[in-house]
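Please examine the sequence and the model shown below. The paragraphs that follow proceed from aromatic side chains to the sheet and then to the cysteines.

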Amino acid sequence: MADEMSSTDSVQCPVCLMDFKAATINGHLDLCLMESVAVNCPPTKDGNEPPLKKCRTSTETVPFSPKVNKPLAGSSSVAVKQSSAVFSMFQTNKCKTSVQSERDGLNLKTQTCVTAVNTGNKRNFPTETEPEPSGTESQTSGSDRQTLKAFNKLSPRTLLTIDKPLAELLRPNTLEEYFGQSKVVGVETLLRSLLDTQEIPSLILWGPPGCGKTTLAHIIASTSKKKGTARFVSLSATSASVSDVREVIKQAQNELRLCKRKTILFVDEVHRFNKSQQDTFLPHVECGTVTLIGATTENPSFQVNTALLSRCRVVVLEKLSVEAMLSILERAVTTLGIKVLEQEQLNHDDTVQSDGHEPKIFIEQKALDTIAYLCDGDARVGLNSLQLAVQAQVNSAQTNPSRQNSSQEILVKEEHIKEGLQRSHILYDKAGEEHYNCISAFHKSMRGSDENASLYWLGRMLEGGEDPCYVARRLVRFASEDVGLADPSALPQAVSTFQACHFIGMPECEVILAQCAVYMAKAPKSVEIYKAYANVKACLRNHKGPLPPVPLHLRNAPTSLMKQLDYAKGYKYNPAFSEPVEQEYLPKELQGTNFFTWVPSDPLK
């Protein structure tokens, strides 16, 4: 009965929306898929590019139906004139993911896309050509960059519909668009020459957030893939595991053996891997199976294995300057079709690109300058702040009926930027290197009697979220180490400051810390105690043989047996004498040593 119904009932093709008999739908569907894929998939630009293992297609598959899974007896050749909305999305994703499979560097051939459909076989649609459990970053960013390449300029209204941050969408693809790191990738630098010759070593990119570590890694990968000699795999140490790394390494070994193609493995936040996890890379970086590019905001000397550091070149990226941030922001507004107000005033003949329905968007030059100064050298913060300000003003114009007309103009002002950024973006990590850098600068400013700089570094730490009790403890230390006997009241002042911070906390205790810091900076300095005790420690550490015994006359004699052994014999009780008492208090081997003047390198007397 079921067979009879399946042979007589009609089934709608999900591609062309035409009805066919159940016995012929499979054959028609295969041909329909092939024709639609051939129309939508772009041809390969470079015939010398290496082929991929298999085509990536969309994860949205054709719904299973018992009427559509029988062997085919015939086929129908109906031209595909229109597609449903759902399957149109399927076709677009099919081509996009084909492009993503080589991370913006390679395009698949049309016949490669068609090979996903096999007549008479079960149609499976794999989601990835090269499994990368945590490596979706390069895929999504590649898709967004492909979208940007389809248009010369993005419409400002597109900001409201893009589901990615602007910093990700406008990530540069070439070194010419990479600003602010000329010392690292300048024209005559070593790294630039290595990139030009495709001799890329394993690298550890170290720098503050938003300075371009991830972007530089993607530019390196894009440059390598243009010649088809490398594949790019991206992992994040925050979500990847050792098994993910081993899977990528296994694929890299296969690629190198079968296709003679190298693998560039980018590991973001590499310091998140512990020492044993980092050891996984050692033999494969050593033998060249993978080229490792790690990005970290922490000091590699502390967070990366010494063995791994010896196999990689550390590239230090600096915080972006204000000039570099302005260049990045100007590139962004140019790409988005937003006019800077001063430029519009100078060039009255220039017109803003609009389709008649979208508003003309302007931005003040002061607003761009404000972003460049307040983002603290973080390009990600700067671009996303620009996006937020424009989105807010466009949304405000849409919801305000009095402003809804085809000729409306939207102006992004400096106050709009400040409203979104509220305060300066302060780079400070209470557990990272910046923590130790700031406290060191604070201590040395007080030691140099510069109360002005001392207040600055104190504010830098407190506004960055530092624990006030930590600062107070350092002040207590400073009172004895650097002020010492030159001003004995400095120590009680520091102890009182610590107790006050413990009692009332932030923000009330900030002025107490400021008072103590200025007191310490203005107080006279003496390191006499600090140096003398350092000499004592050096004496104990450098002493050869057993330590000398305590002299008998200085020992305690609480029992008669100890007195019989001459403990405390000959000791002179100082209060019993009206004049100074001559008595040795050091061991016999150290008699005559003055730790206030003794130099550790001198032989002991």
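Tryptophan 457 is partly exposed in this predicted model, because its relative accessible area of 23% is not under the 20% that defines a buried residue and not over the 50% that defines an exposed one. Tyrosine 456 falls in the partly exposed class as well, with a relative accessible area of 46%. The rings of tyrosine 456 and tryptophan 457 have centres 4.9 Å apart. Their planes meet at 75°, and since an angle over 60 degrees counts as edge-to-face, the pair is assigned to that class.

The structure holds four aromatic pairs. One of them joins phenylalanine 273 and phenylalanine 281, whose ring centres lie 6.0 Å apart. Here the planes stand at 45°, which is neither under 30 nor over 60 degrees, so the pair is described as tilted. Both partners can also be placed by accessibility: phenylalanine 273 is buried at 4% relative accessibility, and phenylalanine 281 is buried at 0%.

A ring also takes part in a contact with a charged group. The charged end of arginine 555 sits over the ring of tyrosine 567, at 5.0 Å from the ring centre.

The backbone arrangement may be considered next. Five strands make up an open sheet with parallel pairing, and their order across the sheet is 4-5-6-3-7. Strand 4 (230–236) and strand 7 (313–316) are the edge strands, each pairing on one side only. On average, neighbouring strands of this sheet are turned by 20° against each other, direction ignored. Helix 10, which comprises residues 242–259, packs on the sheet and touches strand 4 and strand 5. The direction of helix 10 makes about 175° with that of strand 4.

Within the sheet, how many bridges join strand 5 to strand 6? Five bridges connect strand 5, residues 262–268, with strand 6, residues 291–296, and the two strands run parallel. Across this pairing, isoleucine 264 stands opposite threonine 291, a residue of strand 6.

The cysteines remain. A disulfide is a covalent bond between the sulfur atoms of two cysteines. With the cut-off of 2.5 Å between cysteine sulfur atoms, the count of disulfides comes to zero. Are cysteine 211 and cysteine 312 buried or exposed? Cysteine 211 is buried, because its relative accessible area is 2%, and cysteine 312 is likewise buried, with a relative accessible area of 9%.

How values were computed: Residues are numbered from 1 along each chain as its sequence is written. This is a predicted model: local features need pLDDT of at least 70, side-chain atom pairs count only at pLDDT 80 or more; totals for chains, interfaces and linings use all residues. Side-chain values use heavy atoms; hydrogens and water are left out. Two strands pair if DSSP finds at least two bridges between them. Helices (H or I, at least four residues) and strands (E, at least two) are DSSP runs, numbered from the N terminus. Axes are lines fitted to C-alpha atoms, for helices over the stretch in contact, and angles run from 0 to 180 degrees between N-to-C directions. Contact means heavy atoms within 4.5 Å. Rings of Phe, Tyr and Trp (its six-membered ring) pair if their centres lie within 6.5 Å; planes under 30 degrees apart count as stacked, over 60 as edge-to-face and the rest as tilted. Buried means under 20% relative accessible area, exposed over 50%, partly exposed in between (1.4 Å probe, protein chains only). A charge sits over a ring if NZ of Lys or CZ of Arg is within 6 Å of the ring centre and within 35 degrees of the ring normal.
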